[in-house]
Amino acid sequence: MYLDLLHALPHVLSLTNFLAVTIGVVAGIVVGALPGLSATMAISVLVPFTFGLEPLVALGLMAGIYNGAMYGGAIPAVLLRIPGTPAAVATTFDGYPMAQKGEGGFALQVAVVSSSIGGIASAFALMLLAPPLSKLTLLFGPAEVFWIAVFAMCSIIFMLGGNVVKGLISACFGVFVSVVGSDPIFGNDRYTFGYLELLDGINIVILLVGLYALPPVLDLLESPLKTDTANENLGTEPIWRTLPRMMRFWKTWLRGSLIGIWIGILPGAGGSMAAFMSYNEARRASKTPESWGHGEPEGVAAAEVANNADTASALIPALTLGIPGTSVAAVMLGGLLIHGLQPGPMLFRENPDIVFGFMWQFLFGAILLLFLGGSLATNSFAKLLKLPRPLLGSVIIVLMVIGVYSIHGRMFDVYLMLGFGAVGYVMDKLKFPLPPVVLGLILGAFAEENLRLSLRIGRGDWGILFANHTSQVLVALTIAVVFGPSLKRRYWDNRKSGAQG
Amino acid sequence: MFKYMQKTALAAAMVMAAGAAWAEFPDKPITIIVGFDAGGGTDVMARTAAPFIEKYLGAGASLVVKNVPGASGQIGVTEVANSVADGYTIGTYNLPGMMARTLDREAGYTADSFSYLANVVNDPNVIVTSKASGLDTMEKLIAAAKAEPGAITVGMSSLGGDDHFLLTKLGKVTETEYTIVPFKGSAPARTALMGGHVAMGILNISEVADFQDQINVLGVATAKRSEFAPDVPTFEEQGIALESGSMRGFVAPAGLPPEVEAKFIEAFDKLASDKDFAAAMAATSNPVELKVGADFKALNAETLDLAKTVWETSPWN
């Protein structure tokens, strides 16, 4: 089973593939460092361009970007208290106070080392867990896949935090978009208005580019952020001198890695949640919790290790079952599909070099992060925050349009993308979360198709949905996710009022 | 100096343009419109066949593949039907899909919209069962279907395709009934079959040749055994008259100039006996069955008739 993993290694080490990962990591750090631009956005803008590339080159770029962006987000988080990516919010808690104390350089070094460790742990998790899980996927028939889709949608709506009703509305919009196109069973047209271009449904990449890339770019253009507040003197020491001071974080690294990996595997939750959980747990375990929030380097370590530890592991359900747990995984799946790689157990059998090569690329990306994001590079990346925003914004818009056009070579898709961009802009302003839209589009289609297939297999008997243990476990998990948070809250309230009374 | 060069270039261009009007077909690149993404079965067929067609068209012919994916090839084939019939645009064509679409939706073309050049690939259907079902012969399968009509679930890639038509034929010939479970494509159907979530499946031989240890392949719907799985008997051998498959070939818009059409037909005829071509197609899991010109047209008409009967007795949407 793991032999294929070794076989794939030489392919990854070829110059072009290695170069792709390197470029990806650098690009990822850049994108992550620019507030508003996220890994999802960068990869979705990139996917259409990878069409003509070798699959491993394309995937290497994506793996690199993902890893790089998760660290890059820490740079403005530390220096400006602006999280570069949503996943870096927890990094601001202690990173910014550190920068104010003149320890910004050290904070970034802690961030890069922790990110790298999280990424490495996650890559190992993907390598070790995905192959055996891919054998189990034969257990997942239509009924089970239906439940996974339902579970994932519930967890993104109820666990994302924020307003549940808004999450639900976002998810419903995504599910509605998934209905467009031909009916999965009978092939009737639905909401296509006679356009053949809509018959295959709406391509996830088009939706993603519009929804994720346009609103932040418009934001970038309408509010020229003051960027000169960054402290010029980062107080950077060479990394080999600071490294011994970080060794005491090993417990936090271990805990954060495990949390990140677990959150990554769970469909629905993403990097930001992993970072928050890791931060909270680390603070709870700390002997000096009072120093947290005032520039405790361990806090940066906790947040950064976890938001990188969910990168590769988020691909475990995506590669084995074809069900992406996060929006980044969703775009990556889109990238795989563009190269004719159908996720699922067959992927491991028919394209072992690519799948396992992809896993290696995650590992190398994480290791490279340590070198590329090292002390000298960190200083130059920090300068990025001074790039003229209008220039940046217009370049990205041009890339988006070219990219989307090149997927199928038609303007129709570009208009569609701009339309979604407008919707995304409004949603963004009204504080509707965007991830549920993306997952609603993918999971809604999964849920519908598989529900109808299982009902056909059961010849109309709804009992088939609860017929075996896998389904029953998934139903139980779904119920836990939906009612768990409110029950927990009630429990805490009771205890509080009990203590008062 | 520069002006002089400009003038020469202009003159040269004019001479070339004048020459073109007199030159024999083809004197410019021929576009092949492929209705699917690059890398799919139809695309691989077009790209594999292109250099051979170039060779037999002669006179430095060059073929350029243009992918116009979407709607199961509908967008591409509609573009072919509506393009200029000068031989410089041809396209890939899939049976029975392209004809079935003229029945179940308002297609932008009919059977008369094309000049039928050649069918190149015929990927025959196979009937397979899951190991868990215990139905490892056609006899057992048919007995089980008769014992309880509709009890056998059949996974397939879609409704209104070759697999659906084969099942309808099977039902008619053996007087049995089945429950159809149309997955989205053959890969998920095959996975469900391997996991035992459906009892039976109808796929194509190229999709199951490598999986014979994990599913029972009961028979293949061709006159002769397929070279992809020589140990799988035909249905003919088992006393059931069934022939069906997924076919891919090339068409041009209707009304090609006769000499251009003749040139294509001649090229495809030569393709039939090219050993290198056969080897290249076998390497990409494409079972070759060439039917050129009038034969292809007849095959198309026959498929349309079959699709019509299925549509009239049991419409799928």
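Let's start with helix 10 of chain A, residues 204-222: at 1.5 Å a residue, its 19 residues should span 27 Å, and the C-alpha atoms at its two ends are indeed 27 Å apart, so expectation and model agree. Keep in mind that this is a predicted model. Chain A has an average pLDDT of 83, and 91% of the residues score at least 70. Below is a quick tour, topic by topic.

**Helix 10 of chain A**

- The helix isn't perfectly straight: it bends by about 30° at Leu214(A).
- Look just past that bend and you'll find a proline, Pro215(A), which follows within four residues.
- Is helix 10 mostly covered or mostly open? It is mostly covered, with 15 of its 19 residues buried.

**How sure is the predictor about chain A?**

- Confidence in chain A is lowest in helix 19 (residues 375-383), where the mean is 63.
- At the other end of the scale, helix 21 (residues 411-429) of chain A has the highest confidence, at 92.

**Chain B at a glance**

- Chain B has 11 helices and 10 strands.
- Its C-alpha trace spans about 90 × 40 × 35 Å along the principal axes.
- Of the 317 residues in chain B, 52% are buried.

**The cavity**

- How many cavities of 30 Å³ or more are there? The count comes to one.
- The largest cavity holds about 30 Å³ of space.
- Chain B residues line it, among them Ile33(B), Phe36(B), Val77(B), Thr92(B) and Met98(B).
- Strand 1 (30-34), helix 3 (74-81) and strand 3 (89-95) of chain B each put at least two residues into this lining.
- Which element gives the most to the lining? That's helix 3 of chain B, with three residues.
- Sorted by class, the lining of the largest cavity has six nonpolar residues, five polar ones and no charged ones.

**Backbone oddities**

- Most residues other than glycine have a negative phi, and most peptide bonds are trans, so exceptions are worth a look.
- The peptide bond from Leu95(B) to Pro96(B) is cis, with omega near 0°.
- You can find Pro96(B) in the loop between strand 3 and helix 4 (97-104) of chain B.
- Arg459(A) isn't a glycine, but its phi is positive, near 50°.
- Arg459(A) sits in the loop between helix 22 (435-457) and helix 23 (469-500) of chain A.
- Because its relative accessibility is 44%, and the partly exposed class runs between 20% and 50%, Arg459(A) counts as partly exposed.
- Glu175(B) is another non-glycine residue with a positive phi, this time about 55°.
- Its home is the loop between helix 6 (162-174) and strand 6 (179-182) of chain B.
- Why does Glu175(B) count as exposed? Its relative accessibility is 67%, and the exposed class covers values over 50%.

**Apart in sequence: where do they end up in space?**

- Pro184(A) and Ala445(A) are 261 residues apart in sequence, and their C-alpha atoms are 8.5 Å apart in space.
- Pro184(A) belongs to the loop between strand 1 (181-182) and strand 2 (189-190) of chain A.
- With a relative accessible area of 11%, under the 20% cut-off, Pro184(A) is buried.
- Over in chain B, Ala307(B) and His164(B) are 143 residues apart along the chain, and 9.9 Å separates their C-alpha atoms.
- Ala307(B) is part of helix 11 (residues 294-313) of chain B, and at 0% relative accessibility Ala307(B) counts as buried.
- Leu333(A) and Ser44(A) are 289 residues apart in sequence and 11 Å apart in space, C-alpha to C-alpha.
- Leu333(A) lies in helix 16 (residues 327-338) of chain A and is buried, with a relative accessible area of 6%.
- For Ile396(A) and Ala125(A), 271 residues apart in sequence, the C-alpha to C-alpha distance is 34 Å.
- Ile396(A) lies in helix 20 (residues 389-408) of chain A, and its relative accessible area of 9% makes it buried.

How values were computed
Residues are numbered from 1 along each chain as its sequence is written. Chains are lettered from A and ligands numbered from 1 in the order in which they are written. This is a predicted model: local features need pLDDT of at least 70, side-chain atom pairs count only at pLDDT 80 or more; totals for chains, interfaces and linings use all residues. Side-chain values use heavy atoms; hydrogens and water are left out. The expected span of a helix is 1.5 Å times one less than its number of residues. The bend at a residue is the angle between axes fitted to the seven residues ending there and the seven starting there. Buried means under 20% relative accessible area, exposed over 50%, partly exposed in between (1.4 Å probe, protein chains only). pLDDT is the predictor's confidence in each residue, from 0 to 100. On a 1 Å grid over the protein atoms alone, a cavity is a set of points where a 1.4 Å probe fits but cannot get out, and a pocket is an open set with protein on both sides within 12 Å along at least five of seven lines; lining residues have an atom within 4 Å of a point. Grid points are joined across faces, edges and corners, and a volume is the space filled by probe spheres set on the points. Ala, Val, Leu, Ile, Met, Phe, Trp, Tyr, Cys and Pro count as nonpolar, Asp, Glu, Lys and Arg as charged, and the others, Gly among them, as polar.
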